[in-house]
Amino acid sequence: MNLFQIPTPSYVVDEKKLIKNLEILKRVQDEASCKILLAQKAFSCYALYPLIGKYISGTTASGLYEAKLGYEEMGKENHVFAPAYHEEDFPELLEICDHIIFNSINQVKKYAKANVKASFGLRLNPECSTQGDHAIYDPCAPGSRLGVTLANLEKALNEDPDCLKYIEGLHFHTLCEQNSDDLETTLKAFEDKFGSYLHNMKWLNMGGGHHITRDDYDIEKLISLIKHVKGTYNVEVYLEPGEAIALNAGYLISEVMDIVDNDIKIAILDASAACHMPDVLEMPYRPPLKDSGESNEKKYNYRLSSCTCLAGDVIGDYSFDNELEIGSKLIFEDMAIYSMVKNNTFNGIALPSIYVLKENDDCQLIKQFGYNDFKCRL
């Protein structure tokens, strides 16, 4: 079965491309003597966890459910960070997590007590923005709820010098789809503010947003920065990329269901931006599409939309060498990350099936969804 024979809509994870990414990450892990974790918020297709676990050190989670998934399905190092923890969740997190990272001094005081299970950490805010104008993705933006600032850390220590008694590691996460030059800028700001505290820690987690597997990423600089931290502070270093694990390693296969004309030809697909690729509307961005061009680049132009009732459920404007027809198959690329984890059944639209394109080019069905998957959520 090739990609054009797969029933639509379907996600397909490309095992060859996934392995290519994992080999790059393993190189970084080996040469820099650091540990790399899968941030499950970007990619949680756990059928691939045994493969991923052959190359990296484990998983990181944003709450109890992701932590349980990493614990059950990869079974390696298991870390968690959340802006706040439910009291009823915390005993189980203590049992299944190796690192638990807190977002505030309040949470440290509430939960960080003597234990023999997890290593506790604190997320800090270096107040160094490298995101440009996109404040929604900037944990260092003014008014951010994420991470303790230097002023608040010093205030807490003045009020209670023992408030970090059980904290063994520090954490920052400020990047989003960025290169190692932005990490270098952030790391300098972090060291200037918090370097004196890092000398007393066992580990530093430098978060995610590192686009390590992108073609233009400066891997050598990343390795140098990690070695600098390890040599200066004698700590273990963790990275927790999500996108870099499965970057460009997945597809969303869709079929043209109808074509209408309203000053521009509009193809109605069985894939939806709102339901199946929410970042198209949230970020926003225009997803790559196999064998297509920008609007007016090729002979035939179409606006690609979906069969939801949302007027703005538009994927984008594309051009093609040949006219689209009802029944034409389209292959959207880079659809492994932030797609399966964020999709929904708005309008009763079906969830796409999940396939894996194996190294031998066979397509293996991982999961199908039906009416009950819609009904049971409500």
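In this predicted model, strand β4 is covered on both of its faces: E77, H79 and F81 are buried on one side, and N78 and V80 on the other. That makes five buried residues out of five, so β4 is largely enclosed by the rest of the structure. On one flank, β4 pairs with β3 in the parallel sense over four bridges, and G58 has E77 of β4 as its bridge partner. Strand β5 (residues 99-102) also runs parallel to β4 and is joined to it by three bridges; here V80 is matched with I100 of β5.

These pairings belong to a bigger arrangement. Eight strands close into a barrel, with parallel pairing, in the order β2-β3-β4-β5-β6-β7-β8-β9. On average, and ignoring direction, neighbouring strands of this sheet are turned by 30° against each other. As for what holds such strands side by side, strands of a sheet pair through backbone hydrogen bonds, either parallel or antiparallel.

Helix α3 (residues 64-73) has its own buried set, made up of L64, E66, A67, L69 and G70. The cover over these residues includes α2 (49-52), β3 (58-61), β4 (77-81) and α4. Just after α3 comes G75, with a positive phi of about 70°.

Turning to helix α1 (residues 15-32), its 18 residues should span 26 Å at 1.5 Å a residue, and its end C-alpha atoms are 25 Å apart, which agrees. Buried in α1 are E15, L18, I19, N21, L22, L25, V28, Q29 and A32. What do the buried residues of α1 pack against? Their partners are β1 (10-14), β2 (35-39), α2, α8, α9 (243-246) and β15 (353-357).

Some of the residues of α1 turn up again around I212. This residue lies in the loop between β8 and α8 (219-233) and is buried, with a relative accessible area of 1%. Neighbours within four places in sequence aside, I212 is in contact with I24, L25, V28, Y217, I219, L222, L239 and A244. F120, by contrast, is 92 residues from I212 along the chain, and the C-alpha atoms of the two are separated by 27 Å.

Next, the aromatic residues. A search of the whole structure turns up 14 aromatic pairs. One of them is F90 with Y111: the ring centres are 4.2 Å apart and the planes at 25°, under the 30 degrees cut-off, so the pair is stacked. F90 sits in helix α4 (residues 90-96) and Y111 in helix α5 (residues 105-111), so this contact links distant parts of the chain, 21 residues apart. F90 counts as buried at 5% relative accessibility, and Y111 counts as buried at 9%. W203 and Y238 make another kind of pair: their ring centres are 6.4 Å apart and their planes at 85°, so the pair is edge-to-face. With W203 in strand β8 (residues 203-205) and Y238 in strand β9 (residues 236-239), the pair ties together parts that are 35 residues apart in sequence. W203 is buried, with a relative accessible area of 4%, and Y238 counts as buried at 4% relative accessibility.

The stacked residues F90 and Y111 also have company, as they form one aromatic cluster with Y85, F102 and F120.

Charged groups meet rings as well. R123 lies over the face of F81, at 4.9 Å from the ring centre; F81 is one of the buried residues of β4. In a second case, the charged end of R286 sits over the ring of Y318, 3.8 Å from its centre.

Finally, there is R303, which lies in strand β12 (residues 300-306). Is R303 buried or exposed? R303 is partly exposed, with a relative accessible area of 30%. Leaving out neighbours within four places in sequence, its contacts are I264, K265, I266, A267, V314, G316 and D317. R303 and L48 are 255 residues apart in sequence, and their C-alpha atoms are 34 Å apart in space.

Technical notes. Residues numbered from 1 in each chain as written. Predicted model: local features only at pLDDT ≥ 70, side-chain atom pairs only at ≥ 80, totals over all residues. Heavy atoms only, no water. Phe/Tyr/Trp six-rings, centres within 6.5 Å; stacked < 30°, edge-to-face > 60°. Helix = DSSP H or I, 4+ residues; strand = E, 2+ residues; numbered from the N terminus. Buried < 20%, exposed > 50% of the residue type's maximum accessible area, 1.4 Å probe, protein only. Lys NZ or Arg CZ within 6 Å of the ring centre and 35° of its normal. Contact = heavy atoms within 4.5 Å. Pairing = 2+ DSSP bridges. Axes fitted to C-alpha atoms, helices over the stretch in contact; angles between N-to-C directions. Expected span 1.5 Å × (residues − 1).
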